[in-house]
Amino acid sequence: DAWAKSTRLGYTYWWNRYVAWCTEPTNPNAHRYRSLDNELFDPGPPLNPGVLILFFQDFALGPPDVVDSTDIDDEEERESWSPPAVKTVDTIYTALKFVAKQAGDPFHPPTEFEGFMKGLRKGLALKRRIDRVRPLVISELRQVCDMLYNQAHGSATLARDRLVAGLYHAGVGTREMARLQLNALNRDSRPYILTREKDRQTRIAGDLLTDCDAWIRWRGKARGPLLPAITRGGKLCSRTSSSPQALNAILNRMAASTGLNWRTSTGALTEAHYTAMRATSLRQRWGSQVLATRDRALLLVGFGAMLRRSEIADLRVCDVTVEDDQALVYIRKSKTDQSGVGVELPIPAGTHRGTDAVGALREWLNILQQAGEADGEHPLFRSVDVNGRMTHGAIAGHDIATIIKRRVVEAGIPPDRKSVV
């Protein structure tokens, strides 16, 4: 069978919908469609051009109670209807002709019917032109990829939270913590020495030293508070320190996410509680890293090779070859290659770290290698939960659309720009 499964299912769906329209006795406009014998239209085959014209008028323009909007009392119902795309109408027309041909009665449209379809396509194109989704421009794509790159290489919020928990466990209260400046931390030797109020000193060693290094990489070495505030968008306010109330909320939130019955008001943070809270934060970082790395690689591979959602979802690990200056992506089958001849597409390396498709793909393959999912025939992109656990099946095409829309909104781009094609 040369026809794809999705094509056969689509043709069957539209034929059944056409038959249901022809034979539906409860249609509110059925009196317009009855024959002289008061019988509903026979769907055929053979197909009747007059019946098809009425069907496409109803489908594309809406029945009279939609076209004549003054007859509808419910304003929300009137505004919820929108005309279909020209491609949808063409698909329905092709499906009906295909079924008729398979039944031995091919449809030969008269000139008048072809003129009607031409006018219908023109009218729908004019109606839908203003509703077309604007694509992402390069600057917006870079904005999304930079956000994902930062998430993949560690979250500033999670790094700060682990340092706050470590300092609290070391005996530094939230009020004192909020007043600490970066120059109070002596990083000339390891372990670090934190000079607190009244010349008290605290050694920064072990896990606390690791978390402190991670936080300094995010914070930078500019002067200012040791723990500056972080906006909802992840931006550091280098001159504004986190308040004691905010630091208490961070500790209480970390305890709650770990499942601990502990709050800052109950007393000191024990070793067991600190260890559990830090482990939970590290798991959250791993889950965020896996998701961000997958999404950035998915977005850049699809954009760089100009792939459809279905083509991205069908990629296998063995279909990708990563070289120093480019990545080669092999497309086994596509919408325009139903016979599966296949084509290999090159994706050049980028100069900007956030939008470097080769680097993003290499990072994702490394994660697959760590998870033991890098065998040749395994799906390249698969579903991942918040803890970074992967499924064995390939990601679905509609999930790719959802991921892109969510990441675009998360990057702060207006919601009317959600398409990358």
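## Buried, exposed or in between?

A residue is called buried when its relative accessible area is under 20% and exposed when that area is over 50%, and partly exposed describes the values in between. Keep these cut-offs at hand as you look around the structure, which is a predicted model.

## Cysteines

How many disulfides does a search of the whole structure find? The search gives 0. As a reminder, a disulfide is a covalent bond between the sulfur atoms of two cysteines.

Two cysteines are still worth finding in the model. Cys145 has a relative accessible area of 0%, so this residue is buried. Cys212 is buried as well, because its relative accessible area is 2%, which falls under the 20% cut-off.

## Salt bridges between helices

Side chains of opposite charge can pair when their charged atoms come close. In this structure there are 16 salt bridges. One of them joins the side chains of Asp90 and Arg121, with an N to O distance of 2.6 Å. Asp90 belongs to helix H6 (residues 86-102) and Arg121 to helix H7 (residues 111-128), so this pair ties together parts that are 31 residues apart in sequence. Asp90 has 24% relative accessibility and therefore counts as partly exposed. Arg121, at 26% relative accessibility, is partly exposed too.

A second example brings together the side chains of Arg278 and Asp207, where N and O are 3.9 Å apart. Since Arg278 is in helix H13 (residues 271-305) and Asp207 is in helix H11 (residues 206-219), the salt bridge ties together parts that are 71 residues apart in sequence. Are these two partners buried or exposed, or do they fall in between? Arg278 counts as buried, because its relative accessibility is 13%. Asp207 has 41% relative accessibility, so it counts as partly exposed.

This pair also has company: a network of salt bridges links Arg162, Asp207, Asp211 and Arg278.

## The loop between E2 and E3

Which residue forms a salt bridge with Glu197? The partner is Arg179, and the closest N and O atoms of the two are 2.7 Å apart. Glu197 sits in the loop between strand E2 (192-195) and strand E3 (201-204), while Arg179 is part of helix H10 (residues 174-179), so the contact ties together parts that are 18 residues apart in sequence. With 32% relative accessibility, Glu197 counts as partly exposed.

Let us stay in this loop a little longer. Lys198 is also found between E2 and E3, and its phi is near 60°, a positive value in a residue other than glycine. The relative accessible area of Lys198 is 78%, so this residue is exposed. Asp199 has its place in the loop between E2 and E3 as well. Although Asp199 is not a glycine, its phi is positive, at about 60°. Asp199 is exposed because its relative accessible area is 68%, a value over the 50% cut-off.

## A charged patch

Which residues form a negative surface patch? They are Glu323, Asp324, Asp325 and Glu344. You can find Glu344 in strand E8, which covers residues 343-348. Its relative accessibility is 46%, so Glu344 counts as partly exposed.

## Looking back

As a short tour of the model, try finding buried Cys145, then the bridge between Asp90 and Arg121, and then exposed Lys198. Finish at the negative patch that includes Glu344.

Key:
Residues are numbered from 1 along each chain as its sequence is written. This is a predicted model: local features need pLDDT of at least 70, side-chain atom pairs count only at pLDDT 80 or more; totals for chains, interfaces and linings use all residues. Side-chain values use heavy atoms; hydrogens and water are left out. A disulfide is a pair of cysteine sulfur atoms within 2.5 Å. Buried means under 20% relative accessible area, exposed over 50%, partly exposed in between (1.4 Å probe, protein chains only). Patches are made of residues with over 30% relative accessible area and no salt bridge: like charges are joined within 9 Å, nonpolar side chains (Val, Leu, Ile, Met, Phe, Trp, Tyr) within 5 Å. Accessible areas come from the Shrake-Rupley method with a 1.4 Å probe; for residues, only the protein chains shown count as cover. A salt bridge is a side-chain nitrogen of Lys or Arg within 4 Å of a carboxyl oxygen of Asp or Glu. Lys and Arg count as positive and Asp and Glu as negative; His and the chain ends are not counted. The place of a charge is taken as NZ of Lys, CZ of Arg, CG of Asp or CD of Glu. Helices (H or I, at least four residues) and strands (E, at least two) are DSSP runs, numbered from the N terminus.
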